[in-house]
Amino acid sequence: MRITLILALLISNFCWSQVKFSEIASSSNLNFSFGAGVYGGGISFVDYNNDGWDDLTIATETGSSIRFFKNNSGNFIEDTTISIDNITLETKQIIWVDFDNDNDKDLFLTSREGVVKLFQNNGNLVFDDISSQAGLTSFATSTWGASWGDFNNDGYLDIFLTFLKTGNTQPNALLKNNGNGTFTNVSISAGINQLNDPTFCAAFFDYNNDGLQDIFVTNHKYDQSYLYKNNGNETFSDVSVASGANILADGMSSTIGDYNNDGWFDIYVTNSAAGNFHLKNNGNNTFTRVEDDMGTKFLNVSWGAVFLDADNDSYLDLYVSGQENGTDNLLPSAFYRNNLNLNFVIPENIGLEEDKRRSFSNAIGDIDNDGYPEIFVVNENESNFLWKNESVNNGNNWLKIKLVGINSNKDGVGNKIEVIANGKSQFRYTLCGEGYLAQNSSYEFFGLSDATSVESIKVTWHKTGVVETIQNVAINKAIIIEEGNGILNTNSFKENDIFVSPNPSSNGIYKFHFPEFKIYTISVFDVSGRNIITKKMTSIDSILDLSKHAKGIYLVKMRAGNHQKVIKLIKQ
């Protein structure tokens, strides 16, 4: 054992120089703070305009508006064109989610004031506030976290909402997406307890690999945490005690990741100064606490945490945000490097030495599409951090994967990805709303170390149970896998390739102008996902006739060879 530990430390010291970060918020138009709120606010590091670059959406204190920053080829520009009502609440969770499966991102918000907002994207980032008609009314207490997942595998993403205990009687809520733009609170019939737990955050994930999304709830004030097992019939069973997940903590957040590459997803829970919890999934419906063995206890008040492979060596590292500033000689934050799954060690001189501000939420994304994830941190009363990953010159390779559902939800949430390179497997689980008030990039990051190719990718689409296998994949690229269709050609049509007019149309007649050298197959889908038209268009100017169909929104998928493009048509 002693020899093994010494060897691990030698290896880790040798590799530490591969990890490097630099703080660039001030040079990226991001040098402002959340403000003076209560336990910080949310952060989304998701590409909200589908242009292939991870954008930033950042919460602010009461009286200030949410801020949107569009990533313009690696440079952030504040986006003032997004047309939503002026929201000056103390925003908590911010999530971009395609709740209606129409191939664009809608915007969902929670707030300390109890107001919940859902803005439906009608195309080109024009939004309607549908909160009321969707059944998302305001609540009597502070709405905090929100995790989205398809708990009944019907292809529509549902919501698990969490609340803080403030003397009111508002228990956590499971809201079922009815597939028609409305939600129903099914908490009681589903078996979610009505105890008014003090909960910051929760997470949908599949702890037992049975293809059903379970729910882990992290409770505050040393109330028991809960693990709800999905029974597959729209009900859950409380398996907290039987699984060993019934920890007593001053819990802030839960982070999901397979830190030891065994195919079973583990849980990391942030806590007060008593120390964080690291729950290893044993693969037999139980968890074991390993924070002491792994060295990930932290021992200070911590909030957000995220698993990431910072140096792309094929082992997930861990970043933790802390509430203190380091003057108490306790950790203000921590980057834990994974040493071959033997333990985690905090390396020195990697650029994070000044990470000492009062921090809460954090999320990862790739600001320059180089395959090395960056970290954005929301700070209170001091400027936020954007930690640029400078580890790119270490010789390690990478792959980024985004899933697009067809039978499943469009965002591909709730599915398992296995990447095999150099004979070793890594696993990721697609989440939507995770950590502390966070949303990470829609791409899953895989570090490949020195592998020169990927032997195979296996995607388990849990709605259908189908395992889709793709072999011999090139490295150092971002790919999109569409359910049943494999890797989409990343050289998609340029915006000026296709013109449609008028759109919106009052009579349902649309004129398409195509490039001369392509033959297009188009498929038209209504809002329920029903394919109503499939036809080929071979002339430069072609007509699509929807005059006999109802008013509303239609999704048009166009293909020419391996190229694809999806647009939205509106019939008024």
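Modeller: Before we start, a word on terms: partly exposed means a relative accessible area between the under 20% of buried residues and the over 50% of exposed ones. And please keep in mind that this is a predicted model.

Colleague: Thanks! Is Asn29 buried, exposed or partly exposed?

Modeller: Asn29 sits in the loop between strand S1 (21–23) and strand S2 (43–44). Its relative accessible area is 45%. Buried would need under 20% and exposed over 50%, so Asn29 is partly exposed.

Colleague: And what is the phi of Asn29?

Modeller: Most residues other than glycine have a negative phi. Asn29 is not a glycine, yet its phi is positive, at about 65°.

Colleague: Let's move along the chain. Where is Asn50 found, and what is its relative accessibility?

Modeller: Asn50 also deserves a look, since it is not a glycine but has a positive phi of about 55°. Its place is the loop between S2 and strand S3 (56–58). Asn50 counts as partly exposed, because its relative accessibility is 41%.

Colleague: Now the prolines. Which residue does a cis peptide bond join to Pro502?

Modeller: Pro502 belongs to the loop between strand S38 (499–501) and strand S39 (509–513). Most peptide bonds are trans. The cis bond here has an omega of about -15°, and the partner of Pro502 is Ser501.

Colleague: What is omega for the peptide bond from Asn503 to Pro504?

Modeller: Pro504 lies in the loop between S38 and S39. The bond that leads to Pro504 from Asn503 is cis, with omega near 10°.

Technical notes
Residues are numbered from 1 along each chain as its sequence is written. This is a predicted model: local features need pLDDT of at least 70, side-chain atom pairs count only at pLDDT 80 or more; totals for chains, interfaces and linings use all residues. Side-chain values use heavy atoms; hydrogens and water are left out. Helices (H or I, at least four residues) and strands (E, at least two) are DSSP runs, numbered from the N terminus. Buried means under 20% relative accessible area, exposed over 50%, partly exposed in between (1.4 Å probe, protein chains only).
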